[in-house]
Amino acid sequence: MEHTGFFPPHGGVSLKQLAEHLGAELADTASSEVVIRSIAPVYRAGEGDICYILSRKNRAELETCKASAIICLPALKSFVPDHIPVLLSKKPHTDFAIVGGLLHPEATRPVAFTSNLGAISPAATIDPTAKLEANIGIEPGAVIGAGAEIGEGTYIGANALIGPGVKIGRNCNIGGGASVLCAYLGNGVIVHNGARIGQDGFGYAPGPRGMVKIVQIGRVIIQDNVEIGANTTIDRGTMDDTVIGEGTKIDNQVQIGHNVRIGRHCAIVSQVGIAGSTVIGDGVQIGGQAGLNGHIHIGDGVQIGAKSGVMNSIPAGERYAGLPARPLWDFLRESAEIAKRSGAREKKDGSAEHD
């Protein structure tokens, strides 16, 4: 396959090893020693690459595929050419993600440029009262404030700012140019380049001479294994905490207001805006550019479509879309009716013009 050089091929993992690692079934054990070095899409996969399919829609691409292996559901095995080894999986998308992380671990977190783990750059500024555990990497230009605590195996990128009293757990990655203030981070947290965590929230009270700023003296609490995308902003609480639950994944350029509480294992796509004091349950998925009103409650397992405007609370398990957001089927039905009426009107106008 074509490699950019940023993430070179792995030294090689056999299909037998991959099958054991994934708990998948290798359809033909004669292919056990085939070596996999990288991942690729079906249409351009070549020797040493592994790819995956989720449906028979890939059938045309499979005819010219030259991958060294394919991950798929057992029901799709018959569509894979005989010369390509198959890993049979009940969850091919997830297993492909796991393989990608195994072959290219350096692509899963912000990379170190000059200071690997165990090396602290002399060009970093570290307050003497900061507490650093062993095996930490700190890049040039990083600033570590008074009383900050950083756990073992954590990497701090170039020009990152870790504020006074901030606590960062073990095996975390703080990307270049990020700032972390007034916050406690758990273990395994990833903060990508340019993210802003713990700045004051947007709070004002009207006064006789204009808007009076409301002080924000709360914190940001980020639990274990959260990932925060580039240039995302998470405001600290006004008096209580802003909380991001364990395992939640937040895309780039998301705005999370003060006192927001987000549950465990949520997925929030780019350019979402969440106003202050909104509470979001576990396992919630929010599509790109959706906006959520403040002081509402989003129940567990809710799915919110892209560009939706959520004005009111949503019960657990519901799927909402549209502006204003409403139950998905209502939105789809209304959209279909509008399209139908619009088409009929255009047809009528066209006929009249032709006559």
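The following exchange examines how several descriptions of this predicted model are justified.

Trainee: Why is Gly 169 called buried?

Mentor: Its relative accessible area is 11%, and buried means under 20%; Gly 169 therefore qualifies as buried. The residue lies in the loop between β15 (167-168) and β16 (173-174). Leaving aside residues up to four places away in sequence, Gly 169 touches Gly 151, Thr 154, Leu 185, Gly 186 and Asn 187.

Trainee: Why is Val 111 called partly exposed?

Mentor: The relative accessible area of Val 111 is 36%. Partly exposed covers values between the limits of 20% and 50%, so the term applies to Val 111. Val 111 is placed in the loop between α3 (92-103) and β8 (125-126).

Trainee: What makes Val 111 eligible for a nonpolar patch on the surface?

Mentor: A patch residue needs over 30% relative accessible area, and Val 111 has 36%. With Phe 6, Phe 7 and Phe 113, Val 111 forms a patch with about 470 Å² of accessible area together.

Trainee: Which residues have the most contacts inside the largest nonpolar core?

Mentor: They are Ile 156, Ile 174, Ile 274, Ile 286 and Ile 298, in a core of 51 residues. To this core, β18 (183-185) and β23 (219-222) each supply at least two residues. A second, separate core has 16 residues, including Cys 51 and Phe 79.

Trainee: What does Ile 274 touch, not counting residues up to four places away in sequence?

Mentor: Its contacts include Ile 256, Val 260, Ile 262, Ile 286 and Leu 292.

Methods: Residues are numbered from 1 along each chain as its sequence is written. This is a predicted model: local features need pLDDT of at least 70, side-chain atom pairs count only at pLDDT 80 or more; totals for chains, interfaces and linings use all residues. Side-chain values use heavy atoms; hydrogens and water are left out. Patches are made of residues with over 30% relative accessible area and no salt bridge: like charges are joined within 9 Å, nonpolar side chains (Val, Leu, Ile, Met, Phe, Trp, Tyr) within 5 Å. Accessible areas come from the Shrake-Rupley method with a 1.4 Å probe; for residues, only the protein chains shown count as cover. A salt bridge is a side-chain nitrogen of Lys or Arg within 4 Å of a carboxyl oxygen of Asp or Glu. Helices (H or I, at least four residues) and strands (E, at least two) are DSSP runs, numbered from the N terminus. Buried means under 20% relative accessible area, exposed over 50%, partly exposed in between (1.4 Å probe, protein chains only). A nonpolar core is a set of buried Ala, Val, Leu, Ile, Met, Phe, Trp, Tyr and Cys residues joined through side-chain atoms within 4.5 Å. Contact means heavy atoms within 4.5 Å.
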